[in-house]
Amino acid sequence: MKKLFILLCIVSLVLFRIPVSAQAVTDEQLGLMYYNNKEFDKAAALFDRLFGEKPNLFNYTYLIQSLLELNDFDQAEKIVKKQARRFPDDARYVVDQGYLLLRTNQGNKAAKIFEQAIKDLPAEQRKVAELANSFISRRENDYAIRTYLKGRQMLAPQYTFGFELSNLYEISGNFDKMAEEYLGLLETNPEFQNQVQARLQNSLNNDPEGLKSEAFRTALLRKVQSNPDDVMMSEMMLWLSIQLKDFETALIQARALDRRLDENGSRVFALGGLSVNNGNYKTGAEAYQYVIDRSSDMGLVVQSKVELLRADYEQLIRTYPLSLPALKNLEQRYVKTLDEANRNPLSFPLMRNLAHLQAFYLDNTEGAIQLLDELISLTNNNKLLQAECKLELADIMLFTGDPWEATLLYSQVDKAFKNEPIGHEARFRNAKLSFYIGEFNWARAQLDVLKAATSKLIANDAMAMSLIISDNIDMDSSTVQLGTYARADLLLYRNQPDAAIAVLDSLLQAWPGHLITDEALMKKAEINLKQGNFQEAEALYLRVISEYGEGIQGDDAQFRLGLLYEEQMKDNTKAMAAYQEMLVKCPGSVFSVEARKRFRLLRGDMVN
């Protein structure tokens, strides 16, 4: 309480520019303390004296507020009228006179004062802003809106007050008008595009029900449909669709802009990457195919072929159960594309991705290692790509049962890129390796360092794994149960799901009710999901929610249950219910934003 009081004092002193003398600070701080403690009689008496000595805005504001809290309207009225006589051009005191009438149930008289103030408004930008801010300070936002509209009528086109009005409409909940104001600003002042986007981004970040985004999307759609050649509005529709992760609509706009502006596919290519990185592989693939079919930039075409294969690969490995014929077909496409591109820097990512496919899904680790060794020798002039190849090679070494060679490679990358994202990634994988082989204390030490990593994804993963270790080392430092779980996790990493299930079952049977039970159940659900045993995965998620819903796995299980219903079982009704349940029970979850987005998409809020 004391810290809060001091902070409030400092803020007030800064805002009102109070001279810093020992006596003044002491009296004003004391008055603030009385006011914040709701001792309004003491606050009124002290600020009355201070206002008499120094009739500044700070003392006036707290004196009037204290009197209003005491319902001493007569005294407040005397002070307001006196100030109005002293400062006849200051809109604040005119508005305060009307506000006092409102507080004494004289709404008609207040309305007349407010109306007259707007009627008498001079054609001066400063005066318009002063009157509007005076209304805002008394929460009379409708009159503030009317003030700005009157100012626009007098001062346009030099001053339109578009930003001020859009903000007031947002505060008032009139999102349709908010959208109109922003679009009006763009039509008259295209140079405001970045500023409008920045303000809208802040608004959309505080839009849990999607009402603001829907209002803006609807208004934009009308503009685009009425004038398809308006590049500005098409660019805004593209921008908004990306913010909402509506990549299907974004692709429509990107292709239209590409054709209109003769961009040779560059914008569409960038959108393809955003789509794939956000899990929309189908739209990403369509974007890359568009570039391949239409672009004359051969470098971009080659990159698009590489990224198209990546998009297809990412989608394929998330379609359960995995299809071996589809994976082999993808390998053939990789080889064909690589033959066409030859060994050059543009094809290097293709070689790396092919090695991963061969090692982890097609049981061809020898071919994968040979390909990566070749790639590492080809990338001497590109240390970052070489490091990525070393990480891939280390993963394969761990996969094949050679953890010592793997840790050597991880350490090389960590040392070479110590304070960079790829270095953090190397350290995380090394910590995970240590976890797999039972070196839990060393793994936890590395993970604790990574909690502060600049990459949010790495920091979150490190925190999650560190919690697994901390929560499951017994009081006597026993790691038997945790070691059993880690062994199952390593078996799953090495594509031995049946063996992993057997180890997890032995863990659950030998130590029923142990703290690691929820982790073991979640791992079993993951394995069953990948094997296409969706009912079994559903039952396991429901068990975690029922028995361990209050634990750290509760929100994870609820979210993954929604994903299971949506993506694998194609039951949108159950998926919506699962997401909604998570939002109600776990509003602060790291999955909340994604769950809310998916719920709204399924409900139809973001239909094209």
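Which residues lie nearest the centre of the second largest pocket? In this predicted model, they are T61, Q65, R92, S137 and R138. The full lining of that pocket has 19 residues. Three helices each give two or more residues to the lining: α4 (57–69), α6 (91–103) and α8 (125–137). The largest share comes from α4, with 6 residues. By character, the lining divides into 8 nonpolar, 5 polar and 6 charged residues. The space inside the second largest pocket is about 540 Å³. Rolling a probe the size of a water molecule over the atoms shows where such empty space is left.

How far can the coordinates be trusted? The average pLDDT of the protein is 90, and 94% of the residues score at least 70. Two stretches fall below 50. One is residues 1–8, which has 6 contacts in the model beyond near neighbours in sequence. The other is residues 13–24, with 11 such contacts. Where pLDDT is low, the predicted coordinates should not be read in detail.

Move on to helix α10, residues 162–172, where E170 is found. Is E170 buried or exposed? The relative accessible area of E170 is 16%, under the 20% cut-off, so E170 counts as buried. Leaving out residues up to four places away in sequence, E170 touches F175, M178, S203 and K212.

Next comes helix α17, residues 281–294. This helix has 14 residues. From its first C-alpha to its last, α17 reaches 20 Å, close to the 20 Å expected at 1.5 Å a residue. The buried residues of α17 are Y281, T283, G284, A285, A287, Y288, Y290, V291 and I292. These residues pack against α15 (247–261), α16 (266–277) and α18 (298–316).

Finish at helix α33, residues 592–603. What span should its 12 residues have? At 1.5 Å a residue, the expected value is 16 Å. The end C-alpha atoms of α33 are 16 Å apart, so the model agrees with that expectation. In α33, the buried residues are S592, A595, K597, R598, F599 and R600. Charged side chains are therefore part of the buried set, since Lys and Arg count as charged. The cover over these buried residues includes α13 (211–226), α31 (554–568) and α32 (572–585). Just after α33 comes G604, which takes a positive phi of about 100 degrees.

Terms used
Residues are numbered from 1 along each chain as its sequence is written. This is a predicted model: local features need pLDDT of at least 70, side-chain atom pairs count only at pLDDT 80 or more; totals for chains, interfaces and linings use all residues. Side-chain values use heavy atoms; hydrogens and water are left out. On a 1 Å grid over the protein atoms alone, a cavity is a set of points where a 1.4 Å probe fits but cannot get out, and a pocket is an open set with protein on both sides within 12 Å along at least five of seven lines; lining residues have an atom within 4 Å of a point. Grid points are joined across faces, edges and corners, and a volume is the space filled by probe spheres set on the points. Helices (H or I, at least four residues) and strands (E, at least two) are DSSP runs, numbered from the N terminus. The expected span of a helix is 1.5 Å times one less than its number of residues. Buried means under 20% relative accessible area, exposed over 50%, partly exposed in between (1.4 Å probe, protein chains only). Contact means heavy atoms within 4.5 Å. pLDDT is the predictor's confidence in each residue, from 0 to 100.
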